[in-house]
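Me: Please take a close look at one part of this protein for me. I would like one helix and its surroundings first, then how that part sits within the whole.

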Amino acid sequence: MNKSHYVAIMAGGIGSRFWPKSRTSYPKQFLDILNTGKTLIQWTYERYATFIPKENIFIVTSDEYTSIVKKQLPALPVENILAEPSRKNTAPCIAYISFKLLQKDPEASLIVAPSDHLILDNERFKEITLQALHFVGHIKSLVTLGINPTYPNTGYGYIQHDVLPVADGIYKVKTFTEKPNLELAKTFLASGDFLWNAGIFAWRVKNVVKAFEMYQPEMYELFDGVKADYNTAREKAAMDGIYPLCTNISIDVAIMEKADNVYVIPSSFGWSDLGTWNSAYDNLEKDYLGNAVAGDNVIVIDATKCMISASHDKLLVLQGLDDFIVVDTKDVLLVCKKEKEQAIKEYVAEVKRNKGEKYL
């Protein structure tokens with residue numbers, strides 16, 4: 001293992017599309033969504049621990065989740081849990097870990113990845129990630145992993161790349177596109193030079209810090225202004241001071257869409273962002289009627305193609321439903337047509353309006 005290879009696992013989101021299983025106080029990265037016996041963040045940590053030194057694995061999360069991270073990842077050094085005082089999207093999160101590592105190890109190469117994605121082919125994932133780290137170690141570049149699309153998904157952002165590679169399997173990025181409508185997604189797929197944006201990045205920290213200086217000078221000034229505090233007892237107070245001043249912006253909009261040294265590796269390693277109940281359905285085993293059941297105490301009668309998630313300590317009997325999402329928790333039952341899953345965020349907003357924060 002290379003001592004200058006690091007990973008930052010981002011674990012601060014609230015996973016609202018997985019409501020009512022995912023709650024603000026205990027979001028989806030800390031849940032066993034697929035009934036495997038491990039939570040999503042545990043799978044992510046273990047995946048990286050096979051090729052990144054354990055002391056070089058960092059979790060960047062919200063203040064309120066640090067105790068959950070400690071409990072779920074007992075092997076992780078406590079000082080490797082970075083607490084964000086507020087949610088400001090991915091750019092400040094990435095600036096924080098990058099500036100901190102620059103002070104600790106100026107030669108550091110960093111992988112940044114979400115905590116809640118599913119990856120089935122860990123060996124292939126390791127190969128591609130190490131390829132990205134090797135590339136950024138030799139070329140002044142910002143690399144992202146793009147997923148070879150299998151159908152015209154309208155829930156992902158897309159990355160367009162040049163036709164000819166600059167190195168074996170690595171291409172210059174032409175454009176980033178936000179979530180398209182179905183017609184545009186079909187066009188992207190047919191063109192052959194568009195990939196799904198997985199939100200997994202690699203770079204030398206000194207190069208991403210330079211990119212912040214160039215494209216986000218105000219944010220750069222904030223994080224650079226407290227560089228004497230990183231890796232000291234003053235670090236938390238410094239972050240508490242500058243986070244309220246940070247723009248709420250994604251790393252894609254802040255830097256990746258602006259920089260001219262962005263490259264992508266087209267990848268296939270059994271990836272899903274597990275963003276919705278339908279994506280969980282796609283990745284669970286089905287019974288002979290096409291029902292996916294996460295829960296050991298469910299009886300299904302005359303129901304087809306349903307996504308069912310239930311607690312183990314309550315019996316759930318389901319009859320007669322076709323193509324539904326059914327999620328049963330101790331205080332909320334959600335019954336929703338699968339085709340309406342993108343509206344779950346709206347239903348959560350409706351719950352908040354009518355019932356306050358209690359069920360969020």
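Reply:

**Helix α1 and its surroundings**

Y45 is buried, with a relative accessible area of 7%. That value falls under the 20% cut-off for burial. This is a predicted model. Y45 belongs to helix α1, which covers residues 40–49.

What does Y45 touch, leaving out residues up to four places away in sequence? The contacts are I9, K54, I57, L73, A75 and L76. One of these can be followed by distance. Y45 and A75 are 30 residues apart along the chain, and their C-alpha atoms are separated by 10.0 Å.

A49 lies in helix α1 too. A49 is buried, at 14% relative accessibility. Neighbours within four places in sequence aside, A49 contacts M1, K54 and I57. K54 and I57 are thus touched by Y45 and by A49. A49 can also be placed against V7. The two are 42 residues apart along the chain, with 9.5 Å between their C-alpha atoms.

**The loop ahead of the helix**

P20 sits in the loop between β1 (5–11) and α1. The peptide bond from W19 to P20 is cis, and its omega is near 5 degrees. Most peptide bonds are trans, and most residues other than glycine have a negative phi.

Two asparagines have a positive phi. For N89, phi is near 70 degrees. N89 lies in the loop between β3 (81–84) and α3 (90–104). N89 is partly exposed, at 40% relative accessibility. For N231, phi is near 60 degrees. The loop that holds N231 runs between α7 (217–224) and α8 (235–242). N231 is partly exposed, with a relative accessible area of 37%.

**Aromatic pairs elsewhere**

The whole structure has 19 aromatic pairs. One of them joins F135 and Y263. This pair is edge-to-face, 5.3 Å centre to centre, with 65 degrees between the planes. F135 is in helix α4 (residues 122–138) and Y263 is in strand β10 (residues 262–267), so the pair ties together parts 128 residues apart in sequence. Both partners are buried. F135 has a relative accessible area of 9%, and Y263 has 13%. Another group of rings is a single aromatic cluster formed by Y96, F99, Y220, F223 and Y243.

**The whole protein**

Now the setting. The protein has eleven helices and 17 strands. Its C-alpha trace spans about 60 × 50 × 40 Å along the principal axes. How does the radius of gyration fit a compact globule? For 360 residues, such a globule would have a radius near 21 Å, and the protein has 21 Å, which agrees.

Burial is widespread in the count: 54% of the 360 residues are buried. Y45 and A49 are among the buried residues. Contacts also reach far along the chain. Among contacts between residues at least 6 apart in sequence, 66% join residues at least 24 apart.

The protein exposes about 16,200 Å². Carbon and sulfur atoms supply 52% of that area. Charge comes last. The protein has 40 positive and 44 negative charges, and their mean positions are 3 Å apart.

To return to the helix you asked about: Y45 and A49 are buried, and K54 and I57 appear in the contact lists of Y45 and of A49.

Methods
Residues are numbered from 1 along each chain as its sequence is written. This is a predicted model: local features need pLDDT of at least 70, side-chain atom pairs count only at pLDDT 80 or more; totals for chains, interfaces and linings use all residues. Side-chain values use heavy atoms; hydrogens and water are left out. Helices (H or I, at least four residues) and strands (E, at least two) are DSSP runs, numbered from the N terminus. The radius of gyration is taken over C-alpha atoms; the globule rule is 2.2 Å times the number of residues to the power 0.38. Buried means under 20% relative accessible area, exposed over 50%, partly exposed in between (1.4 Å probe, protein chains only). Contact means heavy atoms within 4.5 Å. Accessible areas come from the Shrake-Rupley method with a 1.4 Å probe; for residues, only the protein chains shown count as cover. Lys and Arg count as positive and Asp and Glu as negative; His and the chain ends are not counted. The place of a charge is taken as NZ of Lys, CZ of Arg, CG of Asp or CD of Glu. Rings of Phe, Tyr and Trp (its six-membered ring) pair if their centres lie within 6.5 Å; planes under 30 degrees apart count as stacked, over 60 as edge-to-face and the rest as tilted.
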